[in-house]
Amino acid sequence: MSEETITLNVTRFRPGQDSEPVLQSYTIPYRKDWVVLDALNHIKDWVDQTLSYRWSCRMGVCGSCGMMVNGEPKLTCSAFLREYYPNPVTVEPLVNFPVMRDLVVDMSDFMDKLKSVKPWLIREEEKPVSEGEYLQSPAQLGVYKQFSLCINCMLCYAACPVYGLEPDFIGPAALALAHRYNEDSRDQGKEQRREVIASNEGTWDCTFVGECSVVCPKHVDPAAAIQRLKVDNTKSWIKSLLLPKGGRA
Ligand code: SF4
Ligand code: FES
C-alpha cells in the first residue's frame with residue numbers, strides 16, 4: 001500500500017537577501033496523530049535543514065510556536081494535520097510582525113509593549129520578609145486567574161485588525177496582563193499603569209472586534225479585559241472630576 005502524504009506550503013524568506021517571501025512546497029508522510037509542528041520538524045530533520053521556525057515545549061505552554069496555518073493564527077503544536085488532510089496546509093509567519101527569517105518573527109515590539117504596562121506586582125511599600133507572604137483568598141485569586149493564563153504567544157496580535165492598522169496600539173495580551181495585575185489584591189500599581197492603559201494607544205484604540213479572544217488558545221479573553229479596563233478608566237475619570245485634587249479611584 002502506498003504511503004499517505006500531505007503537502008505543506010511553507011513561507012521562505014531571508015530579509016536582505018530575498019526580494020520577497022515565497023511559498024515552498026514539501027510533500028511529506030501524513031500521520032493522523034501529527035500536528036503541524038511535527039510536520040515542520042520532519043521537514044527540518046529529513047528534507048531541508050535550512051528551514052527556520054521557533055518552538056520549544058510541544059505542549060501548548062511556551063507560546064513560541066505561533067504561526068499562520070491556512071490563514072489563521074494557531075499554535076502549531078496544537079493544530080493537527082488531520083484537521084486539514086487531504087488538503088494542503090499553508091504555514092506562514094504570524095502577520096502584523098516583521099519577519100526575521102522564514103517563519104520567525106521579530107517579537108521586540110510585543111516585548112516593549114508588555115514591559116510598558118508593568119506586568120508585575122507593585123507595592124507602595126514592601127513589608128519585611130520576616131512578616132511573611134502577602135496572603136490571598138481563593139475568591140481573590142478567582143478575580144484575575146483567567147487573565148493570568150497568557151503564554152505570550154502573540155496569536156491575538158496577529159488576529160487584531162487594529163494592531164495591523166495602528167502599530168502603536170498596546171494590544172490585547174499586554175492590556176490583559178495589565179488588567180490581571182490591577183485586579184490582584186496584592187498589587188498597588190494601578191496608578192502607575194494608568195497612563196499607558198488610558199492613553200489613545202491603550203484601551204481606547206480597541207474597537208472591540210473580539211478576534212483576539214476567538215484565537216486565544218488559553219481562553220484568556222483579552223477583549224473582555226480591555227472592556228473592563230475601559231470601564232475602570234471611565235469610573236476613575238469621573239471620580240477625578242468629583243473628588244478634590246489628589247482623590248483616588
Ligand atoms: S492573550 Fe491569548 S492569544 Fe494573546 S498572547 Fe496571551 S495566550 Fe496568546
Ligand atoms: S511549542 Fe510551546 S506552545 Fe507550541
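**A nonpolar ligand shell and a covered helix**

The shell around ligand 1 divides into 10 nonpolar residues, one polar residue and no charged residue. The model is predicted. The surrounding residues include four cysteines by name: Cys-150, Cys-153, Cys-156 and Cys-216. Pro-217 and Pro-222 also belong to the shell. So do Ile-151, Met-154, Ala-173 and Val-220. Asn-152 completes the list.

Cys-216 of this shell counts as buried because its relative accessibility is 12%, under the 20% cut-off. Cys-77 has a relative accessibility of 9% and therefore counts as buried as well. The structure holds zero disulfides. A disulfide is a covalent bond between the sulfur atoms of two cysteines.

Ala-173 links the ligand shell to helix H6. This residue lies around ligand 1, and Ala-173 is also one of the buried residues of H6. The helix runs over residues 172-182 and is mostly covered, with 11 of its 11 residues buried. The buried stretch starts with Pro-172, Ala-173, Ala-174 and Leu-175. Ala-176, Leu-177 and Ala-178 follow. His-179, Arg-180, Tyr-181 and Asn-182 are buried too. Several helices contribute to the cover. Among them are H2 (108-116), H3 (138-144) and H4 (155-159). Helices H7 (190-197), H8 (211-215) and H9 (222-242) also take part.

Two of these covering helices, H7 and H9, also meet each other. Their axes come within 12 Å and cross at roughly 105 degrees. Angles of 65 to 115 degrees count as roughly perpendicular, so H7 and H9 are roughly perpendicular to each other. By class, their contact has two nonpolar, two polar and three charged residues. H7 contributes Lys-190, Arg-194 and Ile-197. H9 contributes Leu-229, Asp-232, Asn-233 and Ser-236. An α-helix has 3.6 residues a turn, so residues three or four places apart point the same way.

At the level of the whole chain, the secondary structure comes to nine helices and seven strands. The C-alpha trace spans about 80 × 40 × 30 Å along its principal axes. Of the 249 residues, 42% count as buried. Among contacts with a separation of 6 or more, 63% are between residues 24 or more positions apart.

Key
Residues numbered from 1 in each chain as written. Chains lettered and ligands numbered in written order. Predicted model: local features only at pLDDT ≥ 70, side-chain atom pairs only at ≥ 80, totals over all residues. Heavy atoms only, no water. Buried < 20%, exposed > 50% of the residue type's maximum accessible area, 1.4 Å probe, protein only. Helix = DSSP H or I, 4+ residues; strand = E, 2+ residues; numbered from the N terminus. Contact = heavy atoms within 4.5 Å. Disulfide = S-S within 2.5 Å. Near = heavy atom within 4 Å. Nonpolar A, V, L, I, M, F, W, Y, C, P; charged D, E, K, R; others polar. Axes fitted to C-alpha atoms, helices over the stretch in contact; angles between N-to-C directions. Parallel < 35°, antiparallel > 145°, perpendicular 65-115°, else oblique.
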